[in-house]
Amino acid sequence: MPTTQEAELPGKRVLVLRPDELGQSDKKMWREIRTESGAPSNPFLDPLFTAAVGHVRPGARVAVLQDDGSPVGFFPYEAGVLGRGRAIGLGVSDSQGAVLRPGVRLDARRLLRVCGLASWEFDNLEAGQEAFAPHAVEELASPVVDIGDGFEAYARRLRAQSPGFLRQTLAKERKLARQVGEVRFVYDARDDPGALGALMEWKSAQYRRTGRRDRFAQEWITRLVALLGRSEDPECRGVLSVLYAADRPVAAHFGLRSRTVLSWWFPAYDRAYAKYSPGLVLQLRMLEAAAADGVEMLDLGSGPARYKESLKTRDLRVYEGAVIRAVPGGAVHWLGREPARAARRFVRNRPGLAAAAARTLEEVGRLRGG
């Protein structure tokens with residue numbers, strides 16, 4: 001049963017629900033409020049993504065803010081032990097925060113108290129989240145590719161800003177066709193389950209090779225991908241794009257899209273074909289197909305990568321941090337997370353040290369047999 005509590009906000013109350021307790025009218029209102037806000041239609045802040053996380057994460061909740069009985073905001077989150085909260089889908093979500101009607105103001109700590117949370121952690125808080133932004137400890141660049149004017153317009157811009165990048169990538173595609181076999185691209189290959197399996201294997205190997213935690217070794221993430229891959233909802237559905245050479249998958253990407261935004265999520269390629277840069281070939285073909293399919297922006301997500309710098313048209317800003325209440329559970333969160341976060345930030349802001357850390361992680365992955 002839903003838990004109803006009065007928020008310490010004049011004229012408002014908060015309903016704390018499981019995602020599957022949201023009605024169709026709630027989901028419709030969520031999307032209407034999101035549109036009113038003028039924020040990009042990022043699928044990670046769509047109610048369907050929260051509902052999908054709710055199927056695989058038992059602590060998923062939504063705080064529904066009401067004014068005179070009508071929803072004016074939605075705050076999706078996950079609740080853990082000792083009141084430790086986190087953004088919905090933290091670890092795989094590239095856009096986080098509350099969905100609020102314009103003009104609605106929140107006190108973050110009061111909202112957490114109503115939700116029974118001692119803390120709320122985020123690592124991709126979108127810009128404009130005024131209630132949570134003061135609690136950020138780091139601002140990150142999240143590069144995007146604007147393709148609303150069509151792929152040809154974007155390609156002209158890419159030739160101007162990175163002429164060598166585009167020329168070399170297209171030359172490698174031709175070489176792949178000559179030396180391996182006919183190159184074929186499928187924008188939405190959900191009917192090829194073998195391609196998704198190959199993508200997961202390649203990505204898991206990449207995680208191990210670079211000494212990072214294998215996301216696909218976590219059951220909830222593989223279940224989430226499967227759920228979203230079956231979605232037919234135009235506002236939040238998975239898209240599996242595959243590059244084939246001689247009818248063999250050589251690169252693939254599983255992303256999440258709305259009507260206008262495609263989020264770059266899980267890309268990988270077969271290392272046997274690395275000299276042909278199949279991942280970059282895939283990305284160019286995917287941009288072309290996405291633009292033709294009505295996508296206006298590809299969100300590459302935060303985190304440094306050379307190819308992102310070559311492809312991007314601009315940067316969005318996202319934020320990392322946590323709202324922490326002065327209660328025992330908040331202290332537990334701070335002791336468990338903030339020193340490690342500070343250490344990562346120290347390394348990330350020093351390129352030489354970051355490069356050394358990356359080499360160490362790769363060596364760890366090699367020793368593990370990755």
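Visitor: What percentage of the residues in the protein is buried?

Guide: In this predicted model, buried residues account for 50% of the 370 residues. The protein exposes about 17,200 Å², of which carbon and sulfur atoms supply 51%.

Visitor: Which secondary structure elements does the protein hold, and how many?

Guide: The protein has eleven helices and 14 strands. Of the contacts between residues at least 6 apart in sequence, 73% join residues at least 24 apart. For one pair that is distant in sequence, consider Gly164 and Ser310: 146 residues separate them in sequence, and their C-alpha atoms are 9.9 Å apart in space. Gly164 lies in helix 5, residues 163-179, and counts as buried because its relative accessibility is 18%, below the limit of 20%.

Visitor: How should one read a nonpolar core, and which residues have the most contacts inside the largest one?

Guide: In soluble globular proteins, nonpolar side chains tend to be buried together. Here the largest nonpolar core has 31 residues, and those with the most contacts inside it are Phe49, Leu224, Leu228, Trp265 and Phe266. The elements giving two or more residues to this core are helix 2 (47-56), helix 6 (193-209), helix 7 (219-230), strand 10, strand 11 and strand 12 (261-269). Helix 6 provides the largest share, six residues. A second, separate core has 26 residues, among them Ala63, Leu100, Val114 and Phe132.

Visitor: Which residues are in contact with Phe266, leaving aside its neighbours within four places in sequence?

Guide: With those neighbours left aside, Phe266 is in contact with Val92, Leu199, Tyr207, Arg215, Phe216, Ile221, Val225, Ala252, His253 and Phe254.

Visitor: How is the packing of two helices described, and at what angle do the axes of helix 4 and helix 8 cross?

Guide: Two packed helices are described by the angle between their axes and the distance between the axes. In this structure, the axes of helix 4 (residues 151-161) and helix 8 (residues 278-292) cross at roughly 145° and come within 9 Å. From helix 4, Phe151, Tyr154 and Leu158 meet Leu284, Leu287, Glu288 and Ala291 of helix 8. The residues of this contact comprise six nonpolar, no polar and one charged.

Visitor: In what sense does strand 14 pair with strand 7 and with strand 8?

Guide: A general point comes before the case: in a regular strand the side chains alternate between the two faces of the sheet. Strand 14 (residues 314-324) pairs with strand 7 (residues 119-126) in the antiparallel sense, over six bridges. Within that pairing, Trp120 has Val323 of strand 14 as its bridge partner. Strand 8 (residues 136-146) also pairs with strand 14 in the antiparallel sense, over eight bridges. Ser142 stands opposite Leu316 in strand 14.

Visitor: How should one read phi, and what is its value for Leu82?

Guide: Most residues other than glycine have a negative phi. Leu82, however, has a positive phi, near 60°. Leu82 is placed in the loop between strand 4 (70-79) and strand 5 (84-87).

Visitor: Where is Asp247 found, and what is its phi?

Guide: Asp247 is found in the loop between strand 10 (237-245) and strand 11 (248-257). Its phi is near 65°, a positive value in a residue other than glycine.

Visitor: Why do Leu82 and Asp247 count as exposed?

Guide: Leu82 is exposed because its relative accessible area is 59%, over the cut-off of 50%. Asp247 likewise counts as exposed, at 59% relative accessibility.

Key. Residues numbered from 1 in each chain as written. Predicted model: local features only at pLDDT ≥ 70, side-chain atom pairs only at ≥ 80, totals over all residues. Heavy atoms only, no water. Axes fitted to C-alpha atoms, helices over the stretch in contact; angles between N-to-C directions. Helix = DSSP H or I, 4+ residues; strand = E, 2+ residues; numbered from the N terminus. Contact = heavy atoms within 4.5 Å. Nonpolar A, V, L, I, M, F, W, Y, C, P; charged D, E, K, R; others polar. Pairing = 2+ DSSP bridges. Buried < 20%, exposed > 50% of the residue type's maximum accessible area, 1.4 Å probe, protein only. Areas by Shrake-Rupley, 256 points an atom, 1.4 Å probe, with all protein chains shown as cover. Core = buried A, V, L, I, M, F, W, Y, C linked by side-chain atoms within 4.5 Å.
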